[in-house]
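User: I would like to learn how to read the features of a fold from a model. Please take me through one step by step.

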Amino acid sequence: MEEMYNKINSLAQQIVEKCTAAGVKISTAESCTGGMISAAVTAVSGSSAVIELGICSYSNRIKRDILGVTESTLVQFSEYSTVCAEEMARGAIKVSGADFAVATSGVAGPTGGTEKNPVGTVYICASDGNSVTSEKCLFENNGRDHIRAAATEKALEMLLDKILKTTPNLQTIQSKGKENG
């Protein structure tokens, strides 16, 4: 686990550095990770220039009422779906005004697993406001703490990848902000 936490810290550091340099903000919408993603980012000095919002949306009511996840998504696909994670990420951007968001929803266990979504299943989405990248992950069931940490690591990787792939657009966003400000 120590190696995993070191990787989480390294990814959070890279996200803060990249976003600070580009002048962009991030937000998080976390269910099964319970704030671990935003905790990792805010552990980095200077993160206040980067993180706009962190929502621990454990209940479906919060997913609906604050993040805008539709009732039809929850009924048709459930909170354990890529569709839900995508709506959570879009909602985090809408609520916060951030440039990027990452969202997680899944089953950290030890209870709650089903045949379709066994313990260790986590849906993760990273968004830049225009596009989303989402994945269904099945992490090894080495306990709740391991699953949550593995999901946090993967979410930070996906967020950093989204930021890096959108780098050319960041310069445009930064220029527009200067022209409008």
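User: In what sense do S1 and S2 pair, and over how many bridges?

Analyst: This is a predicted model, and the pairing is read from it. S1 and S2 are parallel, joined by five bridges. One of the matched positions is Thr28, whose bridge partner in S2 is Gly54.

User: Which way do the residues of S1 point, and are they buried or exposed?

Analyst: A residue counts as buried under 20% relative accessible area. By that cut-off, five of the five residues of S1 are buried. Ile26, Thr28 and Glu30 point one way from the strand, while Ser27 and Ala29 point the other way.

User: How do S1 and S3 pair?

Analyst: S1 (residues 26–30) and S3 (residues 100–106) also run in the parallel sense, with five bridges between them. Ser27 has Ala101 as its bridge partner in S3, and Ala29 has Ala103.

User: Where do the residues of S3 point?

Analyst: Phe100, Val102, Thr104 and Gly106 are on one side of S3, and Ala101, Ala103 and Ser105 point the other way. The strand is mostly covered, with seven of its seven residues buried.

User: In which sense do S3 and S4 run, and what about S4 and S5?

Analyst: S3 and S4 are antiparallel and share six bridges. Ala103, already met as the partner of Ala29, stands opposite Cys125 in S4. S4 and S5 are antiparallel as well, with seven bridges; there Ile124 stands opposite Glu135 in S5.

User: What is the strand order of the whole sheet?

Analyst: The order is S2-S1-S3-S4-S5, an open sheet of five strands with mixed pairing. S2 (51–56) and S5 (132–138) are the edge strands: each has a single partner strand, so one side of each is left without a neighbour in the sheet. From one strand to the next the twist averages 10°.

User: Which helices pack on the sheet, and at what angles?

Analyst: The angle compares N-to-C directions and runs from 0 to 180 degrees. Helix H5 (residues 82–96) lies across S1, S2, S3, S4 (121–127) and S5, at about 145° to S3. Helix H6 (residues 144–165) touches S1, S3, S4 and S5, and its direction makes about 20° with that of S4.

User: What should I look for in the backbone of the loops and turns?

Analyst: Look at omega and phi. In the loop between S3 and S4 lies Pro110, and the peptide bond from Gly109 to Pro110 is cis, with omega near 5°. Ser78, in the loop between H4 and H5, has a positive phi near 80° although Ser78 is not a glycine. The hairpin of S4 and S5 has four residues between the strands, and in this hairpin Gly129 takes a positive phi near 90°.

User: Is Leu67 buried or exposed, and which residues does Leu67 touch?

Analyst: Leu67 is in the loop between helix H3 (60–65) and helix H4 (71–76). Its relative accessible area is 4%, so Leu67 counts as buried. Leaving out residues up to four places away in sequence, Leu67 touches Ala29, Ile55, Ser57, Ile62, Glu87, Met88, Gly91 and Ala92. Ser57 is ten residues from Leu67 in sequence, and their C-alpha atoms are 8.2 Å apart.

User: How does Glu71 read by the test of accessibility?

Analyst: Glu71 is in helix H4. Its relative accessibility is 42%, so Glu71 counts as partly exposed. Glu71 and Tyr58 are 13 residues apart along the chain, with 15 Å between their C-alpha atoms.

User: How much space lies in the largest pocket, and which residues are closest to its centre?

Analyst: The largest pocket holds about 150 Å³ of space. It is lined by 15 residues, and the closest to its centre are Ser31, Cys32, Tyr58, Tyr80 and Gly106. H3 and S3 each supply at least two residues of the lining.

User: What classes of residue make up that lining?

Analyst: Five residues of the lining are nonpolar, seven are polar and three are charged. When you sort them yourself, count Gly as polar and Tyr and Cys as nonpolar.

Notes:
Residues are numbered from 1 along each chain as its sequence is written. This is a predicted model: local features need pLDDT of at least 70, side-chain atom pairs count only at pLDDT 80 or more; totals for chains, interfaces and linings use all residues. Side-chain values use heavy atoms; hydrogens and water are left out. Two strands pair if DSSP finds at least two bridges between them. Contact means heavy atoms within 4.5 Å. Buried means under 20% relative accessible area, exposed over 50%, partly exposed in between (1.4 Å probe, protein chains only). On a 1 Å grid over the protein atoms alone, a cavity is a set of points where a 1.4 Å probe fits but cannot get out, and a pocket is an open set with protein on both sides within 12 Å along at least five of seven lines; lining residues have an atom within 4 Å of a point. Grid points are joined across faces, edges and corners, and a volume is the space filled by probe spheres set on the points.
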